[in-house]
Amino acid sequence: MLVWRLPTGISTPRVTAWRRLQRLGAVALTPGAAAVPYSEELHEQLDWIAEDITDWGGDAWVLPVGALPRQDEARINRLARERRAADKERTRTTAAAART
């Protein structure tokens, strides 16, 4: 899980961070908190995003989450899969439109 806060004003860092999280299939829990299913690779990616947020003048924490209730874990995994599927479909649609 990544929890962050960025200064108000320029929206570019917020948009950049959120787009990077979306590419990872992150599920937004609140504005400023997102979860991804655990893997070493995703954990490393969250660390990089957190470092960038800090470089942009914000605060960020990568928080390992222990065992979640089965329902919560299933919901996060389902939402992450749905988000990745939607991103892939959007990419296919964009590619198809570019070919015509």
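Let me begin with a term: two strands are said to pair if DSSP finds at least two bridges between them. With that in hand, and bearing in mind that what you see above is a predicted model, I would like to start with strand β2, residues 27-30, and strand β3, residues 33-35, which run antiparallel to one another and are joined over 3 bridges. Since the requirement is at least two bridges, β2 and β3 therefore count as a pair. To place one of the contacts in that ladder, Val27 has Ala35 in β3 as its bridge partner.

What lies between β2 and β3? The two strands form a hairpin with 2 residues between them, and in the turn Gly32 takes a positive phi of about 100 degrees.

Stepping back to the whole protein chain, we have 3 helices and 4 strands, and if one follows these elements from the N terminus on, the order reads β-α-β-β-α-β-α. The C-alpha trace spans about 45 × 40 × 20 Å along its principal axes. Among the contacts in the protein chain with a separation of 6 or more, 64% are made by residues 24 or more positions apart.

Now to the surface. The protein chain has 100 residues, of which 26% count as buried, and its exposed area comes to about 7000 Å², with carbon and sulfur atoms supplying 55% of that.

Finally, how many side chains carry each charge, and how far apart do the two sets lie? There are 15 positive and 13 negative side chains in the protein chain, and the centre of the positive set is 10 Å from the centre of the negative one.

Technical notes: Residues are numbered from 1 along each chain as its sequence is written. This is a predicted model: local features need pLDDT of at least 70, side-chain atom pairs count only at pLDDT 80 or more; totals for chains, interfaces and linings use all residues. Side-chain values use heavy atoms; hydrogens and water are left out. Buried means under 20% relative accessible area, exposed over 50%, partly exposed in between (1.4 Å probe, protein chains only). Contact means heavy atoms within 4.5 Å. Accessible areas come from the Shrake-Rupley method with a 1.4 Å probe; for residues, only the protein chains shown count as cover. Lys and Arg count as positive and Asp and Glu as negative; His and the chain ends are not counted. The place of a charge is taken as NZ of Lys, CZ of Arg, CG of Asp or CD of Glu.
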